[in-house]
Amino acid sequence: MIFIFITYLHLLFDNFIVLNDNAEYWQIGFQDPATPIMEGIINLHHDLMFFICVVSIFVSWMLGRTLWHFNKLKNPTSSSLTHGTLIEIIWTITPAIILLIIAIPSFSLLYAMDEIISPAITIKTLGHQWYWSYEYSDYFNKEDESISYDSYMIPEEDLENGQFRLLEVDNRMVIPINTHVRVIVSAADVLHSWAVPSLGVKCDAIPGRLNQISLFIKREGLYYGQCSEICGINHGFMPIVVEAIKLPQYISWISNKLNE
Ligand code: CUA
């Protein structure tokens, strides 16, 4: 009751609501998708679930029937049959055909994820022990400086009401919605991994190597992710927050950053 009341107060006094895309308590499914790629991943998962259900029901049924009919009580004298060519061909070909059917949507999704469609913006993200840094090298101010900043986790004692423990950062990565964005991922010291579930992104950050991913975010919001490669003692304390905003707001954010 008190909780509902507090939520209601929040709705009254907050003049805007931002969607927060992060994990929920007792969640077993995916987070809500925000990119076409994540929608594709969820669809592929559902398609695969169909095959998994059919295969596991059939195999369990066969196992059950075998145990029921062919035991010492029901069948004291065992058959001398050891193999049959036809059945072996069938149980080799059938799984192969199922795998081929699965391969078609799987490969098309894989290549779609790899595709970089003439990006409007390129952002570089570097993994460090233990924080992320972001570079917007497309823009320069009068002093010929581009935008770059570090993104640290907010420690537990500094959290404000409504903020997520171990997920909130001081400087978010800001990108516009409905825009093709290229993110170049690398690391300055050891292996890290830049991963945001709602965006369908998990990209290794490797020192001395540039990996690239493309983002096309369809709705405004805050997207939470975490480093996903064991990188040292503070691996669990270098979260990622992507703030997706409308293009005009993004442009004013960029010009503010350039004038800082
Ligand atoms: Cu950086 Cu784990």
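The UniProt annotation "domain: Cytochrome oxidase subunit II copper A binding", from an unreviewed entry, covers residues 118-256. UniProt positions follow the numbering used here, feature names are shortened, and annotations may be inferred rather than shown by experiment. This is a predicted model: local features need pLDDT of at least 70, side-chain atom pairs count only at pLDDT 80 or more, and totals for chains, interfaces and linings use all residues. Residues are numbered from 1 along each chain as its sequence is written, and side-chain values use heavy atoms, with hydrogens and water left out.

**Annotated spans**

The unreviewed UniProt entry also lists residues 48-68 and 89-113 as "transmembrane region". The table sets out the annotated spans. Helices (H or I, at least four residues) and strands (E, at least two) are DSSP runs, numbered from the N terminus.

| Span | Helix | Strand | Distance between end C-alpha atoms |
|---|---|---|---|
| Residues 48-68 | 100% | 0% | 30 Å |
| Residues 89-113 | 100% | 0% | 36 Å |
| Residues 118-256 | 7% | 42% | 26 Å |

**The helix pair**

Helix α2 spans residues 36-69 and helix α3 spans residues 85-114. They pack at an angle of about 170°, and their axes are 10 Å apart. Axes are lines fitted to C-alpha atoms, for helices over the stretch in contact, and angles run from 0 to 180 degrees between N-to-C directions. The two helices, α2 and α3, are therefore roughly antiparallel to each other. Angles over 145 degrees count as roughly antiparallel, under 35 as roughly parallel, 65 to 115 as roughly perpendicular, and the rest as oblique.

Which residues meet? From α2 come Ile37, Gly40, Ile41, Leu44, Leu48, Phe51 and Val55. From α3 come Ile98, Ile101, Ile102, Pro105, Ser106, Leu109, Ala112 and Met113. The residues of this contact between α2 and α3 divide into 13 nonpolar, two polar and no charged. Contact means heavy atoms within 4.5 Å. Ala, Val, Leu, Ile, Met, Phe, Trp, Tyr, Cys and Pro count as nonpolar; Asp, Glu, Lys and Arg as charged; the others, Gly among them, as polar.

**Loop residues**

Glutamine 31 sits in the loop between β1 (20-21) and α2. Glutamine 31 is buried, at a relative accessible area of 14%. Buried means under 20% relative accessible area, exposed over 50%, and partly exposed in between (1.4 Å probe, protein chains only). The side chain of glutamine 31 makes a polar contact with the side chain of serine 198, at 3.3 Å. A polar contact is a pair of N or O atoms within 3.5 Å; within protein, one must be able to donate a hydrogen and the other to accept it, and residues adjacent in sequence count only if both atoms are side-chain atoms. Leaving aside neighbours within four places in sequence, glutamine 31 is in contact with Asp21, Asn22, Ala23, Ile42, Pro197 and Ser198.

Tryptophan 26 is also in the loop between β1 and α2. Tryptophan 26 counts as exposed, at 82% relative accessibility. Its phi is near 60°, a positive value in a residue other than glycine.

Leucine 166 lies in the loop between β4 (147-151) and β5 (173-176). Phi of leucine 166 is near 65°, again positive in a residue other than glycine. Leucine 166 counts as partly exposed, at 23% relative accessibility.

Glutamate 115 falls in the loop between α3 and β2 (121-128). Glutamate 115 counts as partly exposed, with 47% relative accessibility.

Where is the cis peptide bond? It joins glutamine 129 and tryptophan 130, with omega about -5°. Tryptophan 130 belongs to the loop between β2 and β3 (131-136).
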